[in-house]
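Welcome, and thanks for taking a look at this model with us. Please have the sequence and the structure open as you read.

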Amino acid sequence: HCFALSQLRDRGIPAACESDITALVTMIILGHLTNKPAYMGNVARADPSSNIIMISHGCTPSRMAGLDQPPQPYKLVHSYSGQFFSGSGLTSLPVIETGQAVTIARIARDLDRIYATAGEIVGFRETLLDRGTMDIQVNDARRFFHNAPGNHQVVVYGNYIEQLGDLCQLLGIHFVEI
């Protein structure tokens, strides 16, 4: 199902796995704000010495630059293709450009707060279990790790911190920059 989720996102349809409704709500908000599909992933590591957080998942859209932009090339790989699982599904690993500014966000479970930070992609690679892992430089990886709610974080290309803060004010949602 990972490939299907990435294809839906590439068509402007927010799609979250593991029944993660708050990540889905965050994708909807960021999608309407930016007209870009979102990457969603787990925080695999936060390194306070380098201020790099690693966000990893198997459903990476190929149109991260925008729905009106051509898709990036990608390769198809088996889902759960690591040494401990046999390949049973399909997913794509697109080209993700380093140096790209991003916004990372997630709405809280009670929908009254959005936590967000800006960063820059400094790496992207295939990792165990069909995961594309983004290495993102942020201002304070420790603060992010200790304050970001939930399992999945939502990432879009571009720094939209100011616009997201303005939107939160209009919607009556508390905005927390982390």
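This report visits a loop residue, two helices and a pocket, in a model that is predicted.

## A buried aspartate ahead of helix 2

Let's begin with Asp20, which sits in the loop between helix 1 (2–10) and helix 2 (21–34). Is Asp20 buried or exposed? Its relative accessibility is 9%, and because the cut-off for buried is under 20%, Asp20 counts as buried.

Its side chain has a polar partner: the side chain of His152, at 2.6 Å. Apart from neighbours within four places in sequence, the residues in contact with Asp20 are Met40, Arg106 and His152.

## Helix 2 and its two faces

Right after that loop comes helix 2, with 14 residues. At 1.5 Å a residue, helix 2 should span 20 Å, and its end C-alpha atoms are indeed 20 Å apart, so the two values agree.

Which residues of helix 2 are buried? They are Thr22, Ala23, Thr26, Met27, Ile29, Leu30 and Thr34. Viewed down the helix axis, these buried residues fall within an arc of 165°, so they line one face of helix 2. Behind such patterns lies a simple rule: an α-helix has 3.6 residues a turn, so residues three or four places apart point the same way. Turned away from the buried side of helix 2 is a face that carries the exposed residues Ile21 and His32.

The packing partners of the buried residues of helix 2 are helix 1, strand 1 (39–47), strand 5 (101–107), strand 6 (113–127), strand 8 (152–157) and helix 4 (161–171). Just after helix 2, Asn35 adopts a positive phi of about 60°.

## The largest pocket

Helix 2 also has a part in the largest pocket, whose volume is about 160 Å³. Lined by 13 residues, this pocket has Gly12, Pro14, Met27, Gly31 and Lys36 closest to its centre. Which element gives the most to the lining of the largest pocket? That is helix 2, with four residues. Met27 thus appears in two settings: it is among the buried residues of helix 2, and it is one of the residues closest to the pocket centre.

## Helix 4, a partner of helix 2

Helix 4 has its own buried set: Ile161, Leu164, Gly165 and Cys168. Around the axis they cover an arc of only 100°, which puts them on the same side of helix 4. On its other side, Glu162, Gln169 and Leu170 are exposed.

The cover over the buried residues of helix 4 includes helix 2, strand 5, strand 6 and strand 9 (174–177). After helix 4 comes Gly172, with a positive phi near 75°.

Note on methods. Residues numbered from 1 in each chain as written. Predicted model: local features only at pLDDT ≥ 70, side-chain atom pairs only at ≥ 80, totals over all residues. Heavy atoms only, no water. Buried < 20%, exposed > 50% of the residue type's maximum accessible area, 1.4 Å probe, protein only. Polar contact = N/O pair within 3.5 Å; in protein donor to acceptor, adjacent residues only side chain to side chain. Contact = heavy atoms within 4.5 Å. Expected span 1.5 Å × (residues − 1). Arc of directions from axis to C-beta. 1 Å grid on protein atoms, 1.4 Å probe; cavity = no way out; pocket = protein on both sides within 12 Å on 5 of 7 lines; lining within 4 Å. Points joined across faces, edges and corners; volume = space filled by probe spheres on them.
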